[in-house]
Amino acid sequence: MKKFTAKNIWIRKIVQAFFFILIAFIAINHTLAEEGKGIAFLSDASLHALCPFGGVVTIYQYATAGTFVQKIHESSFILMIIGFLTAILFGPAFCGWICPFGTFQEWIGKIGKAIFSKRYNRFIPAKFDSILRYLRYIVLAWVMYVTAISGQLLFANIDPYFALFNFWTSEVAIGGVIVLLVVMLLSLFVERPWCKYACPYGAVLGITNRFRIFKIKRNESTCISCNLCSKRCPMNIDVAGKGTIKDHQCISCLECTSEAVCPVADTVTFESGRLSK
């Protein structure tokens, strides 16, 4: 497979901005459509219809009753399937390239980097951080459970992603706004705090890092142990200490690769093939 080039890394920034603007436009248009304004053919589009995690939380009800959870649309189910297939191939690329809320945290993080420089994203001790990272699996289990027994999308009441793109409407619960503000504050100190510690969809996609087809690999024979790959990783993964990145936190952003930060060509690469040790 042809290696990614520096130009492809910049494409990630463009893709992130595109999807953020797209979701923001759809959210605003949905509000305007309720007032008789906006673009007519997009008036039925909503965040719930465009969220692949909606397909995940409705699996139980769909399997047992053949219906979707309240507010969840068939499109969410289709997007969920596409998300899974993409993750099996490339890992959680949705998280690193598409998710508007992940992009939003990155943008706030740039302010944190400007303020704290090298201390940014290094405030939480590694041992404590390694435990906190499993909280998102607890959040996932809780969301799946309460959705299954209630048949309602209760998670929307505390979902910062929904709050971000609906904060000007009456649809947003105060809990969602509070969580959004907390995540924004934490993003000044920790890169992608919601992704690391609480995102239930990231927890689901993160599992695919164990068996994804296209992997991020480090060539030990050409590595000069500069540790730049580990320092650049937004998820604080020890890339320099691994052969193949199988960490459940990897978001396939490719910021650790030779095309982005590693000074030695073809040392940290994105490719298919057998797993390294």
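Me: Ala, Val, Leu, Ile, Met, Phe, Trp, Tyr, Cys and Pro count as nonpolar, Asp, Glu, Lys and Arg as charged, and the others, Gly among them, as polar. With those classes in hand, how do the residues lining the largest pocket divide here?

Reply: You get 32 nonpolar, seven polar and three charged residues. Before going on, note that this is a predicted model: local features need pLDDT of at least 70, side-chain atom pairs count only at pLDDT 80 or more, and totals for chains, interfaces and linings use all residues. Residues are numbered from 1 along each chain as its sequence is written, and side-chain values use heavy atoms, with hydrogens and water left out.

Me: What counts as a pocket, and what as a cavity?

Reply: Rolling a probe the size of a water molecule over the atoms shows where empty space is left. On a 1 Å grid over the protein atoms alone, a cavity is a set of points where a 1.4 Å probe fits but cannot get out; a pocket is an open set with protein on both sides within 12 Å along at least five of seven lines, and lining residues have an atom within 4 Å of a point. Points are joined across faces, edges and corners, and the volume is the space filled by probe spheres set on them. Here the largest pocket has a volume of about 790 Å³. It is lined by 42 residues, and Leu50, Cys51, Pro52, Phe94 and Tyr201 are the closest to its centre.

Me: Which helix gives the largest share of that lining?

Reply: Helix 5 (93-98), with five residues. Helices here are DSSP runs (H or I, at least four residues), numbered from the N terminus. Other helices that each supply at least two lining residues include helix 1 (6-34), helix 4 (74-90) and helix 6 (100-116).

Me: How does the lining of the second largest pocket divide?

Reply: That one has 11 charged, five nonpolar and two polar residues. The pocket's volume is about 460 Å³, and of its 18 lining residues Lys113, Tyr120, Glu191, Lys231 and Arg232 are the closest to the centre. Helix 1, helix 6 and helix 13 (228-232) each supply at least two of the lining residues.

Me: And how many cavities are there of 30 Å³ or more?

Reply: Three. The largest holds about 80 Å³ of space, and among its 14 lining residues Ile216, Cys233, Cys250, Cys253 and Cys256 are the closest to its centre. That lining has 12 nonpolar residues, one polar and one charged. The second largest cavity is about 60 Å³; Cys223, Cys226, Cys229 and Cys262 are among the residues lining it, and no charged residue is.

Me: How many disulfides are there?

Reply: A disulfide is a covalent bond between the sulfur atoms of two cysteines. The rule is a pair of cysteine sulfur atoms within 2.5 Å, and by this rule the count is zero. Take Cys229: the closest cysteine sulfur, in Cys226, is 6.2 Å from its own, so that is too far for a bond. For Cys256 the closest cysteine sulfur is in Cys229, at 6.4 Å, again too far. Buried means under 20% relative accessible area (exposed is over 50%, partly exposed in between; 1.4 Å probe, protein chains only). Cys229 is buried at 6%, and Cys256 is buried at 7%.

Me: Which residues touch the most other members of the largest nonpolar core?

Reply: Such a core is a set of buried Ala, Val, Leu, Ile, Met, Phe, Trp, Tyr and Cys residues joined through side-chain atoms within 4.5 Å. Of the 60 residues in this one, Phe53, Phe101, Phe165, Ile216 and Val239 touch the most other members. Helix 1 gives the most to this core, five residues. Leaving aside neighbours within four places in sequence, Val239 is in contact (heavy atoms within 4.5 Å) with residues including Cys229, Cys233 and Cys256.
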